[in-house]
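Subject: Structure handover and findings

Dear colleague,

Here is the structure for your files. My notes on it follow below.

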Amino acid sequence: MNVRVTKREIVATLAEKKFFKTDNLAISCENISSISYKDVLECYLALSLVRKWYWVDVNYKIANHQPIWIALLNIVRDIILWVFIYLNYFQNVSILFKKINDFIIVDIVKRKWVCLFLRTDHWFNVKSGGSVGHISGVINGLRSLADKVHVVSTDDLVGVQQNSWFYLCQPLYEIGRNLPQIPELLYNHQLFERIDKQWEQWSPSFIYQRYSLGNYVGVSLKLKYQVPYICEYNGSFPWMARNWGGRKLFHEKLLTRIELLNLKAADVVVVVSQPMKDELIARGIEADKILVNPNGVDPEQYSPNVDGSGIRHQYGLENKTVIGFIGTFGKWHGAEVLAAAFGRLLQDFPDYREKIRLLLIGDGVTMPQVKEQLTKFNVMDACIFTGLIPQEEGSSHLAACDILVSPHVPNPDGTPFFGSPTKLFEYMAMGKGIVASDLNQIGEILKHDHTAWMVKPGDIDALKLGLKVLIDDQQRRERLGEAARREVVAKYTWKEHTRKIIDKLKERCG
């Protein structure tokens, strides 16, 4: 009989220096072609005396395990080639740096608007979250403004129609798959070759790349074909690894250099907040080419007209006042602060226990801390955990709520919060009463007691009292929600977001 486990569970067991004690394993992974540390994990399973195992991904593709001696040879091969791969890519990046100034600015206004959109993240089967909404929002916005948009992606994209101009280029983890971050570097060659063969047929007039770890294909294509390059920058990967991941990237020097290459080579750099622009200026990036462009929303998908009655019935929320939070429970989301505030709310006002519910939509790394807080205050029975839900079901879950919370917390190293939470704009579009942290861009977009009730970031008591204000005052909830809806429809739709990008490109290359 097969025991089904995930790759993550195997990694966790290996990290604890334990052995898997079973005969047969079915190992779930996201993408059968892109299994990092595959040979290392197979050697570990063999040492655990697992007799049989096989890999299966979300599309039910299966790969049987290989003989242990082949796995060992692959590990030795990767170790031997490691230094050569690193030095080769370091040299490639150095050459591209020298060529940046060779670009000839073209008059893009007079050309047909054909976009090449590159989604190069090595994240697979991502079905929900802010990045999903951002990517689909930008692509669909570009499709409404450009003559044609060719999309090349490492994976299927939720919310993006796969028409004849959508192309999958899944990373193939072969050489270097047992080394940290090397597969991301090697993907540059695979992706460039794929696009290079199609370039004349597609004939893009500009490139838009959502920058991902270790990728510089957008720069290479710009310099070879002399077309403008837009780089969407959502934060420094080395910084995020240190501050949110608790680790330093193994090839931090090279990866930081690639990050800087993209920023310096880009004709337009799109960031979602002013702190991100300030960071880039401090790193020597030209201020005039940086566009501060907050995230947005599809006001038809997220709307007061969405019916949430089915969700309320599913979770028994009829006749309850529902406080809602949606997210991937990242370390910057502050969901554990919300849990503590909710716990104190019911502790200080016990009459609320029967009529108030907390709906936690999603899942992620801080969920254990969230449940720890709720258990501490003995309020688990007043909470509903939906787990991860498909992106397209997000609006109906939000529609089931009366109050929506954005409890974001400051960065751990004291630097300004640089986020532009997509949930913020989705909340506003739903026309619900919002309680939110008065934190950088969140506090710039929302105004206290006009479009939301603002509280001090990370302050549990302030958040508790903010929740109480909106619980007790339905008219205020409705007034705030209506004002927030008007604001987001006027200023923060994805179509408006992409229009600003195109206008900036015309300004720079017109």
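In which sense do strand β5 and β6 pair, and over how many bridges? The two strands, β5 (residues 114-119) and β6, pair in the parallel sense, and 6 bridges join them. One of the bridge partnerships sets Leu-116 against His-150 in β6. Strand β6 covers residues 148-153, and 5 of its 6 residues are buried, so β6 is largely enclosed by the rest of the structure. Please keep in mind throughout that this is a predicted model.

The N-terminal sheet

An open sheet is formed by 4 strands in the order β1-β2-β3-β4, with mixed pairing. At its edges stand β1 (3-6) and β4 (62-64); each has a single partner strand, so one side of each is left without a neighbour in the sheet. From one strand to the next the twist averages 25 degrees. Strand β2 (residues 24-29) runs parallel to β1, and 4 bridges join the two. Within that pairing, Thr-6 has Ser-28 of β2 as its bridge partner.

Helix α2 (residues 38-47) lies across β2, β3 (52-57) and β4, and runs at about 145 degrees to β3.

Ile-75 is placed in helix α3 (residues 68-99). Its relative accessibility is 18%, and since the cut-off for buried is under 20%, Ile-75 counts as buried. Leaving aside neighbours within four places in sequence, Ile-75 is in contact with Asp-39, Val-40, Cys-43 and Asn-178. Asn-178 is 103 residues away from Ile-75 in sequence, yet their C-alpha atoms are 6.4 Å apart in space.

Strand β12 and its partner

Strand β12 (residues 321-327) is mostly covered, with 7 of its 7 residues buried. Thr-321, Ile-323, Phe-325 and Gly-327 point one way from the strand, while Val-322, Gly-324 and Ile-326 point the other way. In a regular strand, side chains alternate between the two faces of the sheet. The residues of β12 that point either way are all buried. β12 pairs with strand β13 (residues 356-362) in the parallel sense over 7 bridges. Gly-324 has Leu-359 as its bridge partner in β13.

Nonpolar cores

In soluble globular proteins, nonpolar side chains tend to be buried together. The largest nonpolar core here has 65 residues, and those that touch the most other members are Ile-323, Phe-342, Leu-374, Met-428, Leu-446, Leu-463 and Leu-467. Helix α11 (residues 335-348) gives the most to this core, with 9 residues. Apart from this core lies another, of 53 residues, including Val-93, Tyr-211, Cys-231 and Val-269.

Leu-374 is in contact with Ala-339, Phe-342, Leu-358, Leu-360, Val-379, Met-380, Cys-383 and Phe-385, with neighbours within four places in sequence left aside. One of these contacts, Met-380, has its place in the loop between α12 (367-376) and β14 (383-387). What is the state of Met-380, buried, partly exposed or exposed? At 32% relative accessibility, Met-380 counts as partly exposed. Not counting residues up to four places away in sequence, Met-380 touches Lys-371, Leu-374, Thr-375 and Phe-385. Met-380 and Gly-343 are 37 residues apart in sequence, and 8.9 Å separates them in space, C-alpha to C-alpha.

Pocket and cavities

Rolling a probe the size of a water molecule over the atoms shows where empty space is left. The second largest pocket has a volume of about 350 Å³. It is lined by 21 residues, and the closest to its centre are Gly-137, Asn-140, Asp-298, Gln-301 and Trp-494. Helices α4 (130-145) and α18 (494-509) each supply at least two residues of this lining. The largest share of the lining of this pocket, 7 residues, comes from α4.

How many cavities of 30 Å³ or more does a search of the whole structure find? The search finds 2 of them. The largest cavity holds about 100 Å³ of space. Its lining consists of 14 residues, of which Arg-119, Val-126, Val-132, Ile-135 and Leu-157 lie nearest its centre. For the largest cavity, too, α4 provides the largest share of the lining, here 4 residues.

Regards

Methods. Residues numbered from 1 in each chain as written. Predicted model: local features only at pLDDT ≥ 70, side-chain atom pairs only at ≥ 80, totals over all residues. Heavy atoms only, no water. Pairing = 2+ DSSP bridges. Axes fitted to C-alpha atoms, helices over the stretch in contact; angles between N-to-C directions. Contact = heavy atoms within 4.5 Å. Core = buried A, V, L, I, M, F, W, Y, C linked by side-chain atoms within 4.5 Å. Buried < 20%, exposed > 50% of the residue type's maximum accessible area, 1.4 Å probe, protein only. 1 Å grid on protein atoms, 1.4 Å probe; cavity = no way out; pocket = protein on both sides within 12 Å on 5 of 7 lines; lining within 4 Å. Points joined across faces, edges and corners; volume = space filled by probe spheres on them.
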